[in-house]
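Here are some short exercises to work through with the structure open beside you. Try each task on your own before reading its solution.

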Amino acid sequence: MANDTSTFVVISPWGKRLLTAFFVVFLLVLYLPTVLLVVFSFNDGTVAAFPLEGLTTKYYGLAFSSKEIRESLGASAWVGLGAATIATVIALMASYPLARRNVRGKAFISALMLVPLVVPTVVLAVALLLLFQKGPGQVGLGLTRIMVAHVVIAIPFAVLILLPRIASIDRRLEEAAYDLGATGLQTFRLVMLPLIVPSIISAFLISFVFSIDEVVIASFLSSDQVTYPVYLYSGLKVPEKTQTLIPVATIMIVISFVLAFGAEAIRRYGDRRLVGK
Amino acid sequence: MCRLPSGAPGIRMATIVEAPIPPKQKRSRRERRNDGGSALSTYGLLAPMLILLSTLFLLPMYYIVLFSIALKRFSPTDALASLNGELNSLSAELWAKLLSVNVTVMLPGLNFNVPVLLVGIIFLVLLVAAVTASRIPEYGNWIVGIAFVLLLTPFMTLPAGNNLLRLVELTSDGDYLRLFFKSVSMAMTSSVIAVVIAIPVAYFLAFCVGKSKYTWLLIVIAPFLTSYLLRIFAWKVILGDQGLINSGLIAIGLVDEASPLSFLIYSQFTVIVVLTYAWVPFICLPIFLAFETIDRRLLEAAMDLGATRLQAFLKISLPIIAPGIVAAFLFVFIPSIGEYITPSLVGGTQGTMYGQSLASQFVGGAFNWQFGSVMALFLLGVVLLITFATARFLRAGGGGL
């Protein structure tokens, strides 16, 4: 960018010191809750309160021997993987024509796709509950209902990642492939796909991270089988139960961090490769 | 959208002219793929998404409308329906229950009642003015500014300890509308605080950390991607009666063990703090991107011409980042109005929000699905109205998402 060549210093030295101090305090407060959770996961007490009562790892053992926790984690993994896969595939299919072709009613389709992002989750949850309970075909499958509901919200995220990437790929690459006799599917598989794989992975990860943390829709639509966030939500309301919830929570936080940084690293790798460095 | 470089069509034409036999079929296929595509494959690819969104988004919305005007009932028999207070013909009765109430405007030393309809019209006019008046020459920006201030002040609170300080307050004799106003003011307060915190952070990232800024940006945003529930829960450990702050204050003797600072947990204050905390990392991104679009040479030129740093910020940076700031505000505000999880975990009875009351119509004690549908549609209407009115800002701020 042109403005990067300017050596002009935007901020006065004192301003910079003040901002740095502000930023440090901001980061400390930002990460304080996470650090506290990790500390409390080793706390040898029955409730998560000060003062700490010595170190122990027994709650990690307790957490993983709990059948409820294992089942809810399994349910979450199933819902998350399913929702992320479906959302990524559907979003990929939809992004291609939206990026490349003159689609009639494009404005309407884009609006329809993005509106679920701004609809309050609680409204979407009750609307889906109405549909499933009182609609034409009454669907009884708890986890599948949650999965398809998550797909609705994950699609806009996936499209917002995939569409700009597909649009940014030089059309002449595809034209060359067609001129050399490739079919549409071959062109997609051999030319397009390798270029957008990082975005596909990133869209999948974002959808997955969203799904395994979603609690409002999942709690409205779940029946006897609950996902992990729903289990956590009901458990957090009972102070005696919380201490056994924190260890798994800590592990989940670590996994989320790894996934977040991983998705970003993959996206940057894709950017670099597209530029050709 | 990607466009061909301007020279490309010329190159293509030349190829076609030079070729001994114009590869007509191939060319038409290529043209078709680029410009129209076959309708079958285009809509075939879009079909799964359109079908999914129709059945799982539009259809549920249609159902909720049917329920809100009582065209559909959910009890199997008439007797049960009348027992549950359900209606089975077109009726606006439930809407009247929500909306035919008085709104009271409370100014310091002065209260007066206003009909709901008038309040709605006033807010609509202010919203339109805030969004469109910048096109009016000369005084346009003043009108925008005044409209924004008038929209924000009735809902801005200063969370000071047990008491929330307000300059103006909107309340209502209708329980649900009062709760709605309270939710709006909690959401708006936390949005404004979040923006005020995020601006210096984004400024620091954009101008003070040099090449590593994207890594720092990721470090700032990462907590947003971790479990929302756990971050709320961690605040219980910080703010609770035996939490970090209270036990710290007790340890240094500032607070008596028998009477910890109770406003810290289960209050409106807690909900505002937690909502702000939850959203700040996320909105650093749009504000950072807005700062990134500023050409530093403009600032340099301004200061060469004798402007102070403050003047340069106010006259150059601020107008450029304004849409990003409005977008950031909306990114917090829109999801916070209907918030349901946060107040139910840390809000207690004092910090109840509209979303909880709405949820309790479906799964909780109140249990009236049809009135719940009315509440849901009202919330949805307000949110969509704000979204469409401010779509310009959302696009400006959402460019990097």
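**Exercise 1. In this predicted model, find what share of the chain B contacts between residues at least 6 apart in sequence join residues at least 24 apart.**

Solution. Start with the contacts in chain B whose residues are at least 6 apart in sequence; 64% of them join residues at least 24 apart. Next, set the elements beside that figure: chain B has 18 helices and five strands. Finally, look at burial, where 38% of the 401 residues of chain B count as buried.

**Exercise 2. Decide how far to trust chain B, using pLDDT.**

Solution. Begin with the average: the mean pLDDT of chain B is 80, and 85% of its residues reach 70 or more. Then look for the weak stretch. Over residues 1-36 of chain B, pLDDT stays under 50, and the model has 20 contacts beyond four places in sequence for them. For the complex, the predictor gives an ipTM of 0.87 and a pTM of 0.85.

**Exercise 3. Describe the side of chain B that touches chain A.**

Solution. First count the partners: 82 residues of chain B are in contact with 77 residues of chain A. Then ask which element supplies the largest share of that side. Helix α3 (residues 39-68) of chain B does, with 15 residues. Last, sort the chain B side by residue type, which gives 56 nonpolar, 14 polar and twelve charged residues.

**Exercise 4. Work out the strand order of the open three-stranded sheet in chain B.**

Solution. The order is β2-β1-β5, with antiparallel pairing. The edge strands, each pairing on one side only, are β2 (110-115) and β5 (169-172) of chain B. From one strand to the next, the twist averages 30°. Now zoom in on one pairing: four bridges join β1 (residues 102-107) of chain B to β5(B). Within β5(B), S172(B) is the bridge partner of V103(B). To finish, add the helix: α6 (residues 116-132) of chain B lies across β1 and β2 of chain B and runs at about 95° to β2(B).

**Exercise 5. Locate Y266(B) and say whether this residue is buried or exposed.**

Solution. Y266(B) sits in the loop between α11 (244-251) and α12 (268-292) of chain B. Count its neighbours next: Y266(B) counts as buried because it has 21 C-beta neighbours inside 10 Å, and the cut-off for buried is 20 or more. Check the backbone too: Y266(B) is not a glycine, yet has a positive phi of about 55°.

**Exercise 6. Name residues with the most contacts inside the largest nonpolar core, and follow one of them outward.**

Solution. The largest nonpolar core has 182 residues, and those with the most contacts inside it include A127(A), L128(A), A198(B) and I287(B). Take I287(B): leaving out residues up to four places away in sequence, this residue touches A198(B), I199(B), A202(B), I321(B), G324(B), I325(B) and A328(B).

**Exercise 7. Classify L19(A) by its C-beta neighbours and list what L19(A) touches.**

Solution. L19(A) lies in helix α1 (residues 13-41) of chain A. L19(A) counts as partly exposed because 19 C-beta neighbours lie inside 10 Å, while buried requires 20 or more. Beyond four places in sequence, L19(A) touches I11(A), P200(B), Y203(B), F204(B) and C208(B). As a last step, compare positions: L19(A) and A127(A) are 108 residues apart along the chain, and 46 Å separates their C-alpha atoms.

How values were computed: Residues numbered from 1 in each chain as written. Chains lettered and ligands numbered in written order. Predicted model: local features only at pLDDT ≥ 70, side-chain atom pairs only at ≥ 80, totals over all residues. Core = buried A, V, L, I, M, F, W, Y, C linked by C-beta atoms within 7 Å. Buried ≥ 20, exposed ≤ 12 C-beta atoms within 10 Å, placed from the backbone. Contact = placed C-beta atoms within 7 Å. Helix = DSSP H or I, 4+ residues; strand = E, 2+ residues; numbered from the N terminus. Nonpolar A, V, L, I, M, F, W, Y, C, P; charged D, E, K, R; others polar. pLDDT = per-residue confidence, 0-100. Pairing = 2+ DSSP bridges. Axes fitted to C-alpha atoms, helices over the stretch in contact; angles between N-to-C directions.
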